[in-house]
Structure formats: C-alpha cells, structure tokens
Amino acid sequence: ILGALTCERFWTRFGRNVTTWSPVGAAFNTKAQRRYLFGVQGLFGVPELSCPEGFEVATKKALKKTECLLEKACCGPPGVQTVEAFDQLSDGLCKVADLADFVKVAHPDPEYRKAAEKTCIEIGTVVEKLNTNVELCQSLRKLLDNADMATDLDADTRRVAELFMFDFEISGIHLDDKRAVALHVKLLDLNNEFLVGSHMPNRIATSVVPQHLHFHFANEGSFIQVGGLHADSPDDLVREIAYRVYLYPNADMFECLEELLKCRYKLAKLVGYESYGHRALKGTMAKTPETVMSFLQLLTDKLSDRTAKDFDMMRGMKKKLNPRNSELMPWDHSFLSGVVRAERYNIEPSLYSPYLSLGACMEGLNNLFCQLYGVSLMSEQPGVGEVWSEDVRKLAVVHETEGLLGYIYCDFFHRSDKPHQDCHFTIRGGRWCQDMGQYQLPVVVLMLSLPQPTKSTPTLLTPGMMENLFHEMGHAMHSMLGRTRYQHVTGTRCATDFAEVPSILMEYFASDYRVISQFARHYETGQPLPETMVARLSESKKVCGAADIQLQVFYAVLDQLYHGKPQNCSTTDILKEMQQKFYGLPYVPNTAWQLRFSHLIGYGAKYYSYLLSRAVASMVWKQCFLQDPLNRDMGERYRREMLAHGGAKEPMLMVEGMLQRRPTMEDFVDALVSELEPNFETFMMDSES
C-alpha cells in the first residue's frame, strides 16, 4: 500500500514521549509486519523466480528472446531500429543477469544463490559470444560507416551505437585470430581468483603474538587468524601485528596478480591500445592515463606542505599517546587521523545516534528529495516471495507530476550470511519502450549492514552510517531520476569517474547543518538535535586532511603504473618506489599491500575516479547548493544537466552544463585542495591546550 506523503513536516509530537512517524519513517523504525494482499510474486515480481528452479526457466526465456532479436539486429536495414534492436538485446540479457548477479551474493537461501550463479555463467557466456559475433558487428558497422545515415541519427542513438561498437572492438572482433577471446576467458578466471584471494585471512602461530592480545583476533587452535588491518584499534601493537600479518606476501597471489596485469596488457595491445590504461579510460572525463598522472602529480605538488604538516601532527599525537615509540608508520595513519578529529570536535557517536534513527534519516532523505526534485519516497507492501528477506523494505519513488519513477528495495539490516559492504545494485535499467509506448521503470537494491531494530528501540545510526546511507541513496536517485532512451546507458551505467559524483554530492547534503536540522530528532521524545551539536557534527564532517587525500593519490598512482607499459620489476618494487614518492610513510619489509588491493578488479586503471568525482562534487556543491541546499531551481538543473542522462552524454559535457563552464584539471585540483580544513595543522596545538 502506498503511504500518502507530502513535502510538509513529517512528524507530530503528542504530549511528552509520543512521536508519530510518517509512513516512510515508520517503515524503517519498526519491525516489518507483512500483510500480503496478493498472491505469490517471485523475486522482484518476476513470476518465474518464486523458486530457485525458476532461474533456469527465466534464463531459457531470455535466451530464446535473444535469438529473435539477434536475427532482427542482423537482418534488418541499417538505421535507428538497428540500435534499438541492440539495446533490446542488451536489456533482455541484463534483466536476468543483473538480477542473478545480486541474488548470488545476497540471497540467504544457498539454493537460490547456486541457481543464480549458474545463470550468471550461462548469460555471461552468451554475452561473450555476442561480443565476438561478426555478423552482428557488421550490421552496426554498416550504419556507422554510412556517413549520411550516421549523421541523421539523433545524439543519444549515435552515442549508444558508438558504445556498442567500442564493446566489439575491445573484444578483438576485428582480428583474424582468436587470441583476444582466449585472453578474455583467462581474465575472467584471474579476476575471480584475485578478488577471492584478496579477502582471504592470513594465519600466524599463536605463540608469536603476546597472550594479552589474542582476544583481538580469531583463534584457530595453535594459530591466530588475521582477516583485516584493525586500522582503528587504539593499541599500536595490535595495528602493527595486523598490518604485518595480513599484508604478508602470498606466492600464489603474486603470480595471479602478475599474470592478470600481463593478460590485461596483452589484450589492450591486441585490440590496438598503447596500454590497458589507455583502453580503460576511453570515454571517461580524464580520457588518457597521461591526463590522470598529470592530475595526480599536480595534486601532490599542491598538497606537499600540508601533507608534511599532517604527518608531523600525527607524530606528535603518537608521541603523546606512546612516548616510547613515536615513529609514524603506515598502520598509524587511519587511527591517529581519527584521534585528532575526535579531540578537535568531540564527536562521540553514541551521543548522536538517538537523534539519527533510521526512520528519521529516511524522512530526512524524503524531505530533501521532495524539496529538490518534487519526489517522494513511499513505503509499499511487497507481495509474497517478492523479497528475499522479511526485513527488506520496498520504496516506490513518485514524482509530483510525472508519477511513479521506479522502485528501490532497501536491504539495510545485518544478516550473518550477507556481505558486509554498502553497495547499490541495478536490477532493471530504465529505457523507453517504443513498442509499448511507455518507460520501463528502473529497479535497484541498496544494501547496507545496519543493526536490527529491537522491540523498544529502532535502528540508531552513527554519523558515519548516516553519511553512508546518503551516499548510497545518491546512487539510487541517479538511477531513479535518469530518463534515458536506451537501457545501455541508464542511470549509473556511465563513465566510472562520473558515476561517483551523485553519491559523493549527497555526502555534502548529509553534512550540512540546514539539512541535518530538518530531520535529526530523538527517537523517543521527538526533541530536535541541539543546535550546538548540529553545528559540531556539520563542521566535523567537513574536515579533510591532506595526508588522507595523499594516501588516495598513492593508490591511484599505483593503479596507473600497474596498468601502463610493463616494467622490468615486480609489483612490490613499484609499490616501494611510489610509496616513497607519493605517500611518504616508510615501506614495511615483507609486506605486499597490492595483493589486498581488490579495487584493481572493478576499478582497474580507474581508481583515480574517487578523487576526480569528489572534485566535481565539491565544485557543484559550492557553486550550486552551498548558499541554499534546498533550492528547487538548482535541484531541477542538477537533474536536467547531470542525473537525467545516465551515460548517454559525454561526462564532461554534463559537468559543463551544470557549472556553466568547462573546468580544467587545475580547477579539479584546486577544488580538492580547498576541501582541506584551513586550520587542520592547529588541531594538535588545540588538543594540547
């Protein structure tokens, strides 16, 4: 049932301790109570998926439809209809593959996960074949090689046609031999092997670790298992042990990474690129590895003095906490940076959490979207079998004049069998359906790992959790507010260095005192968060250290060099040299951080995207929303110029449309540098006084 929401105040207090929540707030601040009003739906309303076996049925149905569309795409006359047939092909396969991709990692039933994984493999195999289907490629080439027909195509259709052609080219379809196909197959295995291995824990003999520290780690009889860096532990020795053990080199992983990078380079060269980085960056804002390295070097130069001051400050803090050992090491960075911020602003999460219930934060998002875009989040009751867990909430996203825009499934709560990561999944992309004369509504899942509510207390968020919620909702609204003609470029299916802009921009809203004060209120009394606490929270979220940015620069440089031309040295040798040049803290012997760099898989040659996206978000915030974060005109401009296009428009053109000027790489660097707290270096003095 859709909850009736308005853009007015979302709650009312009666007496002293009674607070009523809006339907969306109540949906997230109370235990889910299912009242099924209609029959069995199947996952996401797909009838076949009411049982695991349904994946086989859905797969066969999609593949049968693919055969029909393949004939249409290959045999029809070249024109707009060619691109439409390609997009329908993509859409039909993605509807099944994207859904299965989510289910294989998130469904609590192993039978569903197993069936979904099988579907992913089957659809993936078909996609690989289509990417090397010469007849299919020629039908598209006929269109693009005909100057008159290509010129007559509208801008969106021309761009999507070129993107499909790019997919063919990087698959090596124009080559006589089949080496490219073999490399693709090999890379799929290597990617999976590295991804799994990068998260595997390491072990060390129990006798090596001091007895009083054993409880910090998982115990395996005569061994202690270390599954992470324990970067936030206040104990220096715990952090050091975790760092040395977790990052201890693994010969098999070394071999896997070296082979992976070698195969990526071979594939790039085979299909006509100077390096894998050149291939990966085509179509992005940066466009070339040379531009990325120029951006990173310029940023390093401008941060140099401040980074040195940050490290000096951290050394002083370490000496204050541990006079016997004040040498600053890589395992100290995250913890000491957090200590400095805590001393400066005294942001104790437990003080804020009662005012940041999940329901209150969802009402805040609802209020924000209503004022910026005229959009409301409405709680809707799912059908039998539509969701994979009882605690999943379903939201309809409704525009005040356009009506229903799409659906967001909120899988927010911790489960033992669920991945502990915050992420956004596209289940179904939006597109204009010519044959039906209507828009195919997008469907997405947001996955968090928040504590479950109890009978007496709703889920209470820390400021960090609240920021993550806003970040992921930025991805979701990118999908919801996009209105692209083609599914291939819907929502977040855009250049990697642009895709994070909407989510990072939401972090600015999450840290603005005018936004926070609209929704932060005590879950029991309804009392608003005191103004002094609002101001402190707002200011603390804006603090950014130069050393923190520089660490990201180091990672991004490493990523670029690994995906450039092969060098006559190991990945560890490259890491040592770049750590000294772009970070400054000493390399620790017998460690190999790169073997834990899982972003090399999904973000290969594109790790810089986080920095560039943050720079763009910073510029958009300061120029368009800083004066009034709830400005409807700016909200509409943001949707029109950036969110609506997905990947159908060159990313830099979208940025230019929003800022009404074309920024340079220097502008982006200046935007990041301006993020730094001007008095960050005085934190130490303040804390001592």
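A residue is called buried when its relative accessible area is under 20%, and exposed when that area is over 50%. With that in hand, welcome to this structure, which is a predicted model.

**Two buried residues**

Gly359 is a good place to start. This glycine sits in helix H15. Its relative accessible area is 0%, so Gly359 counts as buried. Which residues does Gly359 touch, once neighbours within four places in sequence are left aside? They are Trp21, Gly25, Phe28 and Asn29. Lys282, by contrast, is 77 residues away from Gly359 in sequence, and their C-alpha atoms lie 42 Å apart in space.

Asp236 belongs to helix H9, which runs over residues 236-246. Is Asp236 buried or exposed? With a relative accessible area of 17%, Asp236 is buried, because the cut-off is under 20%. Leaving aside neighbours within four places in sequence, Asp236 is in contact with Lys318, Asn322 and Trp331.

**Two helices with a buried side**

Helix H2 covers residues 54-75. At 1.5 Å a residue, its 22 residues should span 32 Å, and the end C-alpha atoms are indeed 32 Å apart. The buried residues of H2 include Gly54, Phe55, Ala58, Thr59 and Ala62, along with Thr66, Leu69, Ala73 and Cys74. These buried residues cover an arc of only 145° around the axis, so they are on the same side of H2. The other side of H2 has exposed residues, among them Lys60, Lys61, Lys64 and Glu67. What covers the buried residues of H2? The cover includes helices H3 (80-106), H4 (110-131) and H5 (134-145).

H5 can be read in a similar way. It has 12 residues and reaches 15 Å from its first C-alpha to its last, close to the 16 Å expected at 1.5 Å a residue. Buried in H5 are Leu136, Cys137, Ser139, Leu140, Leu143 and Leu144. Seen down the axis, these residues fall within an arc of 155°, which means that they line one face of H5. Lys142 and Asp145 are exposed on the face turned away from that buried side. The cover over the buried residues of H5 includes H2, H3, H4, helix H6 (147-152) and helix H7 (155-170).

**A cavity and a pocket**

How many cavities of 30 Å³ or more are there? The count comes to 4. Here is the largest cavity beside the second largest pocket.

| Space | Volume | Lining residues by type | Element giving the most |
|---|---|---|---|
| Largest cavity | about 60 Å³ | 9 nonpolar, 2 polar, no charged | H18, 4 residues |
| Second largest pocket | about 1000 Å³ | 21 nonpolar, 6 polar, 13 charged | H3, 9 residues |

The lining of the largest cavity includes Phe369, Tyr373, Met477, His478, Leu505 and Tyr638. Helices H15 (358-373), H16 (463-481), H18 (501-510) and H25 (632-643) each supply at least two residues to that lining. H15, the helix that holds Gly359, is thus named again here.

The second largest pocket is lined by 40 residues. Which of them lie nearest its centre? They are Lys65, Asp91, Lys95, Arg428 and Gln440. The elements giving two or more residues to this lining are H2, H3 and strands S8 (403-413), S9 (423-428), S10 (431-433) and S11 (438-440).

Methods. Residues are numbered from 1 along each chain as its sequence is written. This is a predicted model: local features need pLDDT of at least 70, side-chain atom pairs count only at pLDDT 80 or more; totals for chains, interfaces and linings use all residues. Side-chain values use heavy atoms; hydrogens and water are left out. The expected span of a helix is 1.5 Å times one less than its number of residues. Buried means under 20% relative accessible area, exposed over 50%, partly exposed in between (1.4 Å probe, protein chains only). The arc is that of the directions from the helix axis to the C-beta atoms. Contact means heavy atoms within 4.5 Å. On a 1 Å grid over the protein atoms alone, a cavity is a set of points where a 1.4 Å probe fits but cannot get out, and a pocket is an open set with protein on both sides within 12 Å along at least five of seven lines; lining residues have an atom within 4 Å of a point. Grid points are joined across faces, edges and corners, and a volume is the space filled by probe spheres set on the points. Ala, Val, Leu, Ile, Met, Phe, Trp, Tyr, Cys and Pro count as nonpolar, Asp, Glu, Lys and Arg as charged, and the others, Gly among them, as polar.
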